[in-house]
Amino acid sequence: MPTEEMEIEGSLIKVNGRVYNKYIVNQDRTLRENVFKTYMKSLKNVNGSISSLFNMRYQLCFDIAKEKGYKSILDQVIGEDNLDMKILENLISFVHENLPLLEHYINLKKKKLGVEEFHFYDLNINSDYNPKYSFIEGIEIVKNALKDLGSKYESVLNQVLVGGMIDAFPNKHKFGGGYHFRNYTKPMILMNYKENFREVATIGHELGHAVNGILIRDNQEFQNFHFSIFLSEIPSTVNEDRVEEYMYKQAEKENKIIHLEQILDKTITAIFFQTMLLEFQKALCERIEKGEYVNAEEINQTFLTLLKEYYPSMTIDEESKYLWQTRLHMFYDVHRYYNFQYAVGKITALVINKNIKEGKINDYFEFLKVGGSKPTLEALSIAGIDLTKKEVYVDAFLYLERLLKDYDALLENAS
């Protein structure tokens with residue numbers, strides 16, 4: 001993608017995705033604003049091409065869905081994963097019902113920053129607080145955070161840790177990010193650990209995948225080893241949430257607010273922003289499925305309208321309408337309608353962690369063994385989760401409400 005340039009720290013730099021992600025969390029507000037606007041200008045330059053790609057991609061997806069006997073792309077996604085459309089209805093309904101929680105959070109962040117207007121580039125700002133943990137120290141934190149999962153879980157966790165299954169550190173030509181590669185013989189974890197406290201939770205996340213894989217391998221035949229992506233992200237998210245909550249509780253009083261912000265930012269992004277992307281994708285796909293071509297400006301305005309609906313307390317800059325182009329899952333072949341799975345996966349993980357705190361560990365441990373031997377919703381029922389029932393969503397949003405009360409109290413004490 002052709003990228004615009006701007007001066008950053010005395011050098012002329014092309015603002016690509018990596019540069020944008022690095023500086024959009026900088027404490028210098030003017031720098032954040034300029035990086036945001038420069039990157040949006042780059043996205044504007046390719047807006048027509050990416051919009052055409054979007055139309056072609058989803059027309060192809062619709063053709064494939066029809067060939068397989070489905071009435072829509074979403075119908076295929078729901079059908080192939082053995083899900084229920086009631087899950088999406090519940091998700092959208094409860095998210096809209098709880099939009100005041102999102103508005104309250106934005107207002108709290110606005111108050112903390114001391115600004116009259118709050119923009120998209122103000123959402124996630126790194127603080128000076130950044131304790132360093134070696135990889136070994138990070139592992140110990142994860143193990144302590146997961147102790148409540150019991151000795152059986154710890155035993156499998158130790159298999160991964162001593163089994164040569166983790167490539168932990170950055171290296172020349174190494175693929176970026178953190179990933180788990182699922183296979184029947186031995187799980188492999190690829191990371192780029194940089195001793196940042198925020199990355200400790202990533203260790204827990206990837207280990208959640210690996211332990212899940214070993215438990216399935218040890219309890220299922222090969223043909224039942226692979227299972228839906230929808231289910232695969234739940235054990236990793238459960239772990240990540242437990243690690244972050246553990247670090248929050250262990251933090252010194254003056255640092256708790258940083259840890260709680262990390263938890264809130266991730267939770268709110270996963271539930272609210274991803275559901276907004278679901279509505280965005282659904283609205284456009286329904287038009288494409290009717291044989292319409294949705295032009296670039298119509299796509300942009302659909303996204304902008306949803307941003308304003310979800311974030312009424314935020315000043316939505318006109319350039320924000322190009323942000324949808326950064327959501328790469330919309331263009332990956334296997335990730336049609338993947339965004340709602342982030343949201344529902346997060347809600348499921350929150351409720352599972354609530355159940356674990358209440359001592360319901362065996363149900364969760366049995367769920368980790370299921371793999372592809374049962375349909376998705378039947379597998380979740382083993383963990384005590386029924387996503388077609390409203391109670392699951394109520395529990396998740398009550399948890400979020402409690403976090404916001406804690407955040408409000410910490411802000412009051414800090415002022």
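**A walk around a small-numbered sheet and a buried aspartate**

Let's start with the sheet: three strands make up an open sheet, lined up in the order β3-β5-β4, and their pairing is mixed. At the edges sit β3 (166-167) and β4 (179-181), each of which pairs on one side only. Keep in mind that you're looking at a predicted model.

What holds strands together in general? Strands of a sheet pair through backbone hydrogen bonds, and they can do that either parallel or antiparallel. Here, β3 and β5 (residues 188-190) run parallel and are joined by two bridges. If you'd like to find one of the partners, go to Ile-166 and look across to Ile-189 in β5.

Now hop over to β4, where you'll find Phe-181. Is this residue buried, exposed or partly exposed? Its relative accessible area is 44%, and buried means under 20% while exposed means over 50%, so Phe-181 counts as partly exposed. Phe-181 also has company: together with Phe-175, Tyr-179 and Met-188, Phe-181 forms a nonpolar patch on the surface, with about 400 Å² of accessible area in total.

How confident is the predictor? The mean pLDDT of the protein is 94, and 100% of its residues reach 70 or more. Among the elements, β4 has the lowest mean pLDDT, at 88, while helix α12 (residues 296-310) has the highest, at 98.

Last stop: the loop between α6 (99-113) and α7 (135-145), which is home to Asp-122. Asp-122 counts as buried because its relative accessibility is 1%. The side chain of Asp-122 does have a partner, though: a polar contact of 2.6 Å joins it to the side chain of Arg-32.

Terms used
Residues numbered from 1 in each chain as written. Predicted model: local features only at pLDDT ≥ 70, side-chain atom pairs only at ≥ 80, totals over all residues. Heavy atoms only, no water. Pairing = 2+ DSSP bridges. Helix = DSSP H or I, 4+ residues; strand = E, 2+ residues; numbered from the N terminus. Patch = residues over 30% accessible without salt bridge, like charges linked within 9 Å, V, L, I, M, F, W, Y side chains within 5 Å. Areas by Shrake-Rupley, 256 points an atom, 1.4 Å probe, with all protein chains shown as cover. Salt bridge = Lys/Arg side-chain N within 4 Å of Asp/Glu carboxyl O. Buried < 20%, exposed > 50% of the residue type's maximum accessible area, 1.4 Å probe, protein only. pLDDT = per-residue confidence, 0-100. Polar contact = N/O pair within 3.5 Å; in protein donor to acceptor, adjacent residues only side chain to side chain.
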